[in-house]
Amino acid sequence: MTDAIRSRDERGDLELIDAWRAGDERAATLLVSRHAPAVARFVVSCGEREEVDELVQDTFVRAFGALDGFRADSSLRTWLFTIARRLLLDRRRADRRRRDRVQIDEADAVTEVDALDGVVAGETERRIGQAMARLSPKQREVFTLRVTEGLTYKDIADVVGTTEGAARVHYHNAVQTIKEFLDD
Amino acid sequence: MTECPNREIRDLLPELLHGALDGATRSRVEAHVAECVSCREELALLRQVQALAPRVRVDVARIVSALPAPELARWRAWSSHAWQIAAAVVFMAAGGTLVARQMRRAPDADRTRPAVVASTYDSAVGGTATGDVELSVGYDYSELTDAQLQALLKDVEHMSAVPMAEPDASVPAVTVTNGGV
């Protein structure tokens, strides 16, 4: 969400959801503006390069079609990340089936691409990009959600389907791996 | 980079980065970071990673135009529940019909329930008949354990064709008529 939009409407997500249900289409625009960039960042950080727009759109369509199932136990953004990740995994499974790949392993779902390729500029940034490329898919997801999106371990656990403790371990292992790479 | 042993503070660095700490905790973490080279370097690294986050342009209008209308979303949710309710009703109705049929059949079934009365055979004492027992063969044998079934088979093997005791009058005995049971 841009700061300009945020400053115009500080209503919480739940209020906006209620407003949308009552027929306020502007509430939907505010919700999408608020969360779509983060969802897109997450999707790209997971290594997705193609049809990011479609995936983000599908995430919102799926979420708005099932808002009655949103229990607000976690934040709307966390829920959106969870849906986006699920769609991403589904898409990759479908791609693999198309390629006649038999083994489907969720742990390999996030591709081993450089999460920051095409974005890095200087030497330091390039090195950080290379370091992140060395992370396991799960470590990269956890690290991105923690550092880039600022999610708590509990929310991260909900998104990636693990425990808070495991998320904490993935995060610290990721930091360690990046530091070791940069120190070499 | 040397690693700071204070894991609690290191755990809070992303929150410090995102300004998500309350006043007291923030002061505590900032004071530690000011003294700790390792945490300062780690925080700097996290800042660089955050700054490198991919910037993706999102077409908000396109996404919003693809969203279901609130009424449609509500109908979809309702219809989803409605299907579940309908499925439950059909399931219960089918189950009820089945139970009703079983209950109608039950009296007849009881009248024709076969029973075999035999003596238990105590193999441990060399094949001595130790007493009478009813062995019902019909509806309950599926509930027997393997050990019970083995015992039953042993008993059957040693069973005489002629009952050694009077059958229990309350349980209809097996009757053979014209080669059928």
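A residue counts as buried under 20% relative accessible area, as exposed over 50%, and as partly exposed in between. By that scale R168(A), with a relative accessible area of 30%, is partly exposed. This residue belongs to a predicted model, and it offers a convenient entry to the way the two chains meet.

R168(A) forms a salt bridge with D11(B), and the closest N and O atoms of the pair are 2.7 Å apart. R168(A) lies in helix α9 of chain A and D11(B) in helix α1 of chain B, so the salt bridge joins two chains. The two partners differ in their cover: D11(B) has 10% relative accessibility and therefore counts as buried, whereas R168(A), at 30%, is partly exposed.

The helix that carries D11(B) deserves a closer look. Helix α1 of chain B spans residues 7–17, and nine of its eleven residues are buried. The buried residues are I9(B), R10(B), D11(B), L12(B), L13(B), P14(B), E15(B), L16(B) and L17(B). Their cover comes from both chains: it includes α7 (137–147), α8 (153–160) and α9 (164–183) of chain A, together with α2 (23–35) and α3 (37–51) of chain B. At the N-terminal end of α1(B), N6(B) acts as a cap, with a side-chain oxygen 3.3 Å from the backbone nitrogen of E8(B). Just after the helix, G19(B) adopts a positive phi of about 65°.

From this helix the view can be widened to the whole interface. Chain B contributes 34 residues to the contact and chain A contributes 47. Between them the two chains bury about 3700 Å², with 65% of this area on carbon and sulfur atoms. The interface holds three salt bridges, and nine residue pairs in polar contact are found across it, both residues of each pair being at pLDDT 80 or more. On the side of chain B that touches chain A, the helices α1, α3, α4 (60–66) and α5 (70–111) each supply at least two residues. The largest share of that side, seven residues, comes from α3(B). By class, the same side of chain B has 21 nonpolar, four polar and nine charged residues.

Helix α4 of chain B provides a second example at the level of a single residue. I63(B) is found in this helix. Its relative accessible area is 3%, so I63(B) is buried. With neighbours within four places in sequence left aside, I63(B) is in contact with V32(A), A36(A), V56(A), Q57(A) and F60(A) of chain A and with V58(B) of its own chain.

The chains can now be taken one at a time. Chain B has six helices and two strands, arranged along the sequence in the pattern α-α-α-α-α-β-β-α. Of its 181 residues, 24% count as buried. The accessible surface of chain B comes to about 12500 Å², and carbon and sulfur atoms account for 58% of it. Among contacts in chain B between residues at least 6 apart in sequence, 48% join residues at least 24 apart.

Chain A has nine helices and zero strands. Of its 184 residues, 49% count as buried. Chain A exposes about 8500 Å², of which carbon and sulfur atoms supply 46%. Among contacts in chain A between residues at least 6 apart in sequence, 58% join residues at least 24 apart.

Salt bridges also occur within chain A. Over all chains the count comes to 17. In helix α2 of chain A (residues 13–21), D18(A) and R21(A) lie three residues apart, about one turn of the helix. These two residues form a salt bridge, with the closest N and O atoms 3.6 Å apart. D18(A) is partly exposed, with a relative accessible area of 46%, and R21(A), at 25% relative accessibility, also counts as partly exposed.

Helix α6 of chain A (residues 123–133) contains R126(A) and E123(A), likewise three residues apart, about one turn of the helix. The side chains of R126(A) and E123(A) meet in a salt bridge at 2.9 Å, N to O. R126(A) has 36% relative accessibility and counts as partly exposed; E123(A), at 48%, counts as partly exposed as well. Beyond these pairs, E48(A), E51(A), R91(A) and R92(A) are linked in a network of salt bridges.

Technical notes. Residues are numbered from 1 along each chain as its sequence is written. Chains are lettered from A and ligands numbered from 1 in the order in which they are written. This is a predicted model: local features need pLDDT of at least 70, side-chain atom pairs count only at pLDDT 80 or more; totals for chains, interfaces and linings use all residues. Side-chain values use heavy atoms; hydrogens and water are left out. Buried means under 20% relative accessible area, exposed over 50%, partly exposed in between (1.4 Å probe, protein chains only). Helices (H or I, at least four residues) and strands (E, at least two) are DSSP runs, numbered from the N terminus. Contact means heavy atoms within 4.5 Å. A polar contact is a pair of N or O atoms within 3.5 Å; within protein, one must be able to donate a hydrogen and the other to accept it, and residues adjacent in sequence count only if both atoms are side-chain atoms. Buried area is the accessible area (1.4 Å probe) that two parts lose on being put together, summed over both. A salt bridge is a side-chain nitrogen of Lys or Arg within 4 Å of a carboxyl oxygen of Asp or Glu. Ala, Val, Leu, Ile, Met, Phe, Trp, Tyr, Cys and Pro count as nonpolar, Asp, Glu, Lys and Arg as charged, and the others, Gly among them, as polar. Accessible areas come from the Shrake-Rupley method with a 1.4 Å probe; for residues, only the protein chains shown count as cover.
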